[in-house]
Amino acid sequence: MRPILMKGHERPLTFLKYNRDGDLLFSCTKDHTPTVWFADNGERIGTYRGHNGAVWSCDVSRDSMRLITGSADQTVKLWNVQTGAQLYTFNFGSPARAVWGPLNRTIVSAGEDAVIRIWDSETGKLLREADKESGHKKTITSLTKSADGSHFLTGSLDKSAKLWDTRTLTLIKTYVTERPVNAVAMSPLLDHM
């Protein structure tokens, strides 16, 4: 494997995500402009302009047709991957992170307000909010989903990571640490968090 240098951002990277096929790489940065690249040669394909704050996360649909981005400008935006057109904007009261729910029918969001929400990806309607008693008590810093989309994991400044059921928004397990959790990951192959 040879390293590829990709030039195009003016500020630090905050998040990277490959599409399901592994041929596209999406980058999020503090320069407000998510970007898509060819993974094999590092050529920049295009950018997604519309955020007014650092972009903290992104997730691409299974068919690589739509992209969601979560930003410090308190929005999650839905994009057409091929054209770069902005399709919808979800407005929040705090900076947000987002991932696709099962079958790309929903979007799971979380952020500085420590509330996890599930939205309808077609209408933008709020479907569910996590119970505040079982949820995080401080800013959610990280959000990732399982390979099959049935579960997702959140990390928080409250020194915990929490595993959730995506369909019911039920808390499955809490992992407590001695320090704030800045990033979480789930193995796509094994039963590891």
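## Two domains and their open sheets

Between domain 1 and domain 2 of this predicted model, the count of salt bridges is 2. The domain assignment places domain 1 at residues 1-91 and domain 2 at residues 115-185, and the centres of domain 1 and domain 2, taken over C-alpha atoms, are separated by 22 Å.

The contact between the domains involves 6 residues of domain 1 and 8 residues of domain 2. The size of an interface is often given as the accessible area lost when the parts come together. Here the area buried between domain 1 and domain 2 is about 510 Å², and carbon and sulfur atoms give 46% of that area. On the side of domain 1, the residues that lose the most area to domain 2 are Arg66, Tyr88 and Phe90, which together make up 61% of what that side buries. Arg66 also takes part in a salt bridge, its side chain meeting that of Glu122 at 3.2 Å, N to O. Residue pairs in polar contact between domain 1 and domain 2, counted with both residues at pLDDT 80 or more, number 2.

Turning to the strands, one open sheet has the order E1-E2-E3-E4, with antiparallel pairing. Its edges are formed by strand E1 (13-18) and strand E4 (44-47), each of which has a single partner strand, so one side of each is left without a neighbour in the sheet. Neighbouring strands of this sheet are turned against each other by 20 degrees on average, direction ignored.

Another open sheet, of 4 strands, follows the order E13-E14-E15-E16, and the pairing is antiparallel. Strand E13 (140-145) and strand E16 (171-176) stand at its edges, and because each has a single partner strand, one side of each is left without a neighbour in the sheet. From one strand to the next, the twist of this sheet averages 15 degrees.

Two strand pairings, with their bridge counts, are set out below.

| Strand pair | Sense | Bridges |
|---|---|---|
| E2 (residues 24-29) and E3 (residues 35-38) | antiparallel | 4 bridges |
| E15 (residues 160-165) and E16 | antiparallel | 5 bridges |

At the level of single residues, the bridge partner of Ser27 in E3 is Thr35, while Lys162 stands opposite Thr174 in E16.

Which side chain does Arg66 meet in a salt bridge? The partner is Glu122, at 3.2 Å from N to O, and Arg66 is also one of the residues of domain 1 that lose the most area to domain 2.

Note on methods: Residues are numbered from 1 along each chain as its sequence is written. This is a predicted model: local features need pLDDT of at least 70, side-chain atom pairs count only at pLDDT 80 or more; totals for chains, interfaces and linings use all residues. Side-chain values use heavy atoms; hydrogens and water are left out. Two strands pair if DSSP finds at least two bridges between them. Helices (H or I, at least four residues) and strands (E, at least two) are DSSP runs, numbered from the N terminus. Axes are lines fitted to C-alpha atoms, for helices over the stretch in contact, and angles run from 0 to 180 degrees between N-to-C directions. Domain bounds come from an automatic or database domain assignment. Contact means heavy atoms within 4.5 Å. Buried area is the accessible area (1.4 Å probe) that two parts lose on being put together, summed over both. A salt bridge is a side-chain nitrogen of Lys or Arg within 4 Å of a carboxyl oxygen of Asp or Glu. A polar contact is a pair of N or O atoms within 3.5 Å; within protein, one must be able to donate a hydrogen and the other to accept it, and residues adjacent in sequence count only if both atoms are side-chain atoms.
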